[in-house]
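Me: Please take me through the charged side chains that pair up here, and tell me where they sit. A friendly walk-through for a first-year student would suit me well.

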Amino acid sequence: RTARAKDQQLRAFRKHVEEIRGISMVANAESIAKEKKNRIKWGFFWAIMCAVLWGMGYVPLTILWGVDPFSNFVWFEGQAGYLVSGVIIAGMQAVVFAVVLLLFWAGLTGKFVESIKTFVHFKISKWLLVAALFGGPCAVFGSTIAIGYIGAGFASAIGLLSAVVGALVAKLLYSERFSKKTVAGILLLLAGGFIILNPLDMINNITNPAAPDGVWLGYLGGIMSAVGWGLEGCYAVRALDTTDADSSLPVRYTWEALIWVAILFPVVAIIAGFGNFYEALFAALTSSSFMFWMVMAAFTLGMCYATMYKCYPLIGVGRTLSLTAMYSPIAIIVLFVFFGVVPAYWIFVGAIVAVAGMFVMYWESDSISDTTREEV
């Protein structure tokens, strides 16, 4: 009887433990589902904000080319004028963005000290340095040249090809597997990019005697922007594995500012002439209209970067790229509203095809943890 009673007590205890474990598993599942829903909600919010700010950012970038000192190439002419102006505009973006993000964004979020710690921690900071190299001198400079030569509509649309570059680089570096949807999306993106470039019109522009000297650099700049932003995304996410977006983004722009000021400005000055280059740079720094619109660019494109970096850990790089692709049609709309610029029909059609390709490429219904790479 005693053994039977003990056996009954043991069975009752095990049943009670299983009931408690079941309740715990249900509560844990509900907690995970709630957290997942919250991540999706905020991730989509930041992605939409990123698309809006990114699209609006092409307004101040366009204006920068039309105000003193770059409304007239006083120090340089033709191709040299576009290139030197592009270097100064892109380099000044990095410096102003770094200051605004460090003082405004990091200060507002209470991550000023954390940003400094991230910068000096080279194991983390090195990935942001690589991201700055691709995102700044390659992507931002390329996009700036594309705006100066071809126009903001083309520059915004061609940047959509960064998703193709990011996917292919992730495949090479991290052995990422491509699904059928990924391949279909890449093909659509490439088709959209081909439409945007419009080879026949490109050849006509390059061979047109009335076109600006070296207009081919504008098309090269557009390709540089797509390559640069695609590569930046692959490496920036490595830093976000170990730090947060609010403290890492000022570091990324600080690195880019140092690259421009310490390396690229002196190199370009040697090539173009110290006197003329630094005279043009000083004119830009002392131009109230130029600095005003540069700060406006910081509060649009700079804050766009802040929202994009916040999206990555919430909904993954894939969904971030797909949602923020809406920046291109937004840019086309705001350029029409502010400047009356009507893009060529092939740019509009190509942008629609490319945006559709991004949604096909990255939209997964069963997971929010998609990234541009595998965990290594």
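Reply: Let's begin with a term for how open a residue is: buried means under 20% relative accessible area, exposed means over 50%, and partly exposed lies in between (1.4 Å probe, protein chains only). This is a predicted model, in which local features need pLDDT of at least 70 and side-chain atom pairs count only at pLDDT 80 or more, while totals for chains, interfaces and linings use all residues. Residues are numbered from 1 along each chain as its sequence is written, and side-chain values use heavy atoms, with hydrogens and water left out.

First, the setting. The chain has 14 helices and zero strands, where helices (H or I, at least four residues) and strands (E, at least two) are DSSP runs numbered from the N terminus. Reading along the sequence therefore gives α-α-α-α-α-α-α-α-α-α-α-α-α-α. Of the 376 residues in the chain, 49% count as buried. Helix H4 is a good example: 20 of its 28 residues are buried, so the rest of the structure largely encloses this helix. Just after H4 comes Gly151, which has a positive phi near 135°. Helix H13 has its own buried residues, namely Tyr327, Ser328, Ala331, Ile332, Val334 and Leu335. H13 is likewise followed by a glycine, Gly340, with a positive phi near 70°.

Now for the pairs themselves. Side chains of opposite charge can pair when their charged atoms come close. Here a salt bridge is a side-chain nitrogen of Lys or Arg within 4 Å of a carboxyl oxygen of Asp or Glu, and the structure holds four of them.

Start with Lys111 and Asp244, whose closest N and O atoms are 3.1 Å apart. Lys111 belongs to the loop between helix H2 (78–108) and helix H3 (112–120), and Asp244 to the loop between helix H9 (216–239) and helix H10 (245–272), so this salt bridge ties together parts that are 133 residues apart in sequence. How open is each partner? Lys111 has a relative accessible area of 23%, which means it counts as partly exposed. Asp244 is partly exposed too, at 26%.

Next, look at Asp246, which forms a salt bridge with Lys310; the closest N and O atoms of this pair are 3.5 Å apart. This pair also links distant parts of the chain, with Asp246 in helix H10 and Lys310 in helix H12 (residues 288–324), 64 residues apart. Asp246 has a relative accessibility of 9%, so it counts as buried.

Stay in H10 for the next pair. Arg252 forms a salt bridge with Glu256, and their closest N and O atoms are 2.4 Å apart. The two are four residues apart in helix H10, so about one helical turn separates them. Is this pair buried or exposed? Both Arg252 and Glu256 are buried. They do not stand alone, either: salt bridges with shared partners join Glu232, Arg252 and Glu256 into one network.

Glu232 leads us to one more feature, the empty space inside the model. On a 1 Å grid over the protein atoms alone, a cavity is a set of points where a 1.4 Å probe fits but cannot get out, and its lining residues have an atom within 4 Å of a point. Grid points are joined across faces, edges and corners, and the volume is the space filled by probe spheres set on the points. A search of the whole structure turns up two cavities of 30 Å³ or more. The largest cavity holds about 380 Å³ of space. It is lined by 34 residues, and those closest to its centre are Trp54, Trp229, Glu232, Tyr305 and Met308. Two or more lining residues come from each of helix H1 (2–64), H2, H4, helix H6 (162–174), H9, H10 and H12. H12 provides the largest share, nine residues.

What kinds of residues make up this lining? There are 23 nonpolar, nine polar and two charged residues, where Ala, Val, Leu, Ile, Met, Phe, Trp, Tyr, Cys and Pro count as nonpolar, Asp, Glu, Lys and Arg as charged, and the others, Gly among them, as polar.

To put the picture together, follow Glu232: this residue shares a salt-bridge network with Arg252 and Glu256, and is also among the residues closest to the centre of the largest cavity.

Note on methods. 1 Å grid on protein atoms, 1.4 Å probe; cavity = no way out; pocket = protein on both sides within 12 Å on 5 of 7 lines; lining within 4 Å.
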